[in-house]
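Subject: A structure for you to look at

Hi,

Here is the structure I promised to send over. Please open it alongside this message, and I will walk you through what turned up.

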Amino acid sequence: MKSLDHILIFGMGLMGGSLSLAIKKKYPDVKVTGIVRSEKSKIEIIESRIADEAILESDFLLKANWGDYDFIIFATPVQTVVNYIPKLKNFKDLYITDLGSTKKSIIDEVNLQFNENHNYISSHPMCGSEFSGPSAAKHDLYENKLCIVTRAEKSSIEASDFVRNFWDKIGSWTMEMDASEHDEILSYLSHLPHIVSTILVETAIQNK
């Protein structure tokens, strides 16, 4: 199994910041670099020791040495992930995941850009908080949570094992699901509160 020395987390809000804290707890010898968009976030992350290093996105893109990292994690909105995938198509040996809440557009882009065997595995940790930003980061956000992993057409078995083992170490339990199935099920689940509230209202009216 691939060893870990340096992890890059692209996006250091609640999800990225919490994952960084979890990594620092579970992998104490691994260096974590966070990519942020504002100087304020950069200062906050360093002062709070959420990551070992914070770099502004604009500065990182001037050199973008993706190959310097063992594992890249995108903790950004889905469209941002999709936009960055073409920049990574020449790094098929690099282990990459994302925390996107929908999968089809991400996997479609991976399938388009990576036409040889590669190590991109998409992830969706089923957790969150009503709070946001790096100040809301919690080291145990991912513990005892489900993380759905999704392979692309040419994702390697080794990458799938690596990503699932990573989440196991963080404290999550994993299951594999294809992109379309993931989005269909999650779409249904997202509508459950509305469905339940509608049923309750109709029941209350009928019982008047």
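Let's begin with the sheet of 3 strands: it is open, its order is 6-7-8, and its pairing is mixed. At the edges are strand 6 and strand 8 (173–176), each of which pairs on one side only. On average, neighbouring strands here are turned by 25° against each other, direction ignored. Please keep in mind that this is a predicted model.

Now look at how two of these strands meet. Strand 7 (residues 146–151) pairs with strand 8 in the parallel sense, over 4 bridges. If you want a place to find this on screen, L146 stands opposite W173 in strand 8. Which helix packs on this sheet? That is helix 6, which touches strand 6, strand 7 and strand 8, and whose direction makes about 150° with that of strand 8.

The other sheet is also worth a look. It is an open sheet of 5 strands in the order 3-2-1-4-5, and the pairing is parallel. Strand 3 (53–56) and strand 5 (95–98) stand at its edges with a single partner strand each, so one side of each has no neighbour in the sheet. Neighbouring strands of this sheet are turned by 20° against each other on average, again ignoring direction.

Within this sheet, strand 1 (residues 6–10) and strand 2 (residues 31–36) pair in the parallel sense over 5 bridges. There you can find L8 opposite T33 in strand 2. Helix 2 (residues 39–47) packs on the sheet and touches strand 2 and strand 3; its direction makes about 175° with that of strand 3.

Next, two helices. Helix 1 (residues 14–26) has 13 residues and reaches 18 Å from its first C-alpha to its last, close to the 18 Å expected at 1.5 Å a residue. Its buried residues include L14, M15, L19 and I23. What covers the buried residues of helix 1? The cover includes strand 1, strand 2, strand 4 (71–74), strand 6 (121–125) and helix 6 (157–170).

In helix 5 (residues 104–113), the buried residues are I106, I107, E109, V110 and Q113. Why are these on the same side of helix 5? They cover an arc of only 160° around the axis, which puts them on one and the same side. It helps to remember that an α-helix has 3.6 residues a turn, so residues three or four places apart point the same way.

Enjoy exploring, and write back with any questions!

Best wishes

Key
Residues numbered from 1 in each chain as written. Predicted model: local features only at pLDDT ≥ 70, side-chain atom pairs only at ≥ 80, totals over all residues. Heavy atoms only, no water. Pairing = 2+ DSSP bridges. Helix = DSSP H or I, 4+ residues; strand = E, 2+ residues; numbered from the N terminus. Axes fitted to C-alpha atoms, helices over the stretch in contact; angles between N-to-C directions. Contact = heavy atoms within 4.5 Å. Expected span 1.5 Å × (residues − 1). Buried < 20%, exposed > 50% of the residue type's maximum accessible area, 1.4 Å probe, protein only. Arc of directions from axis to C-beta.
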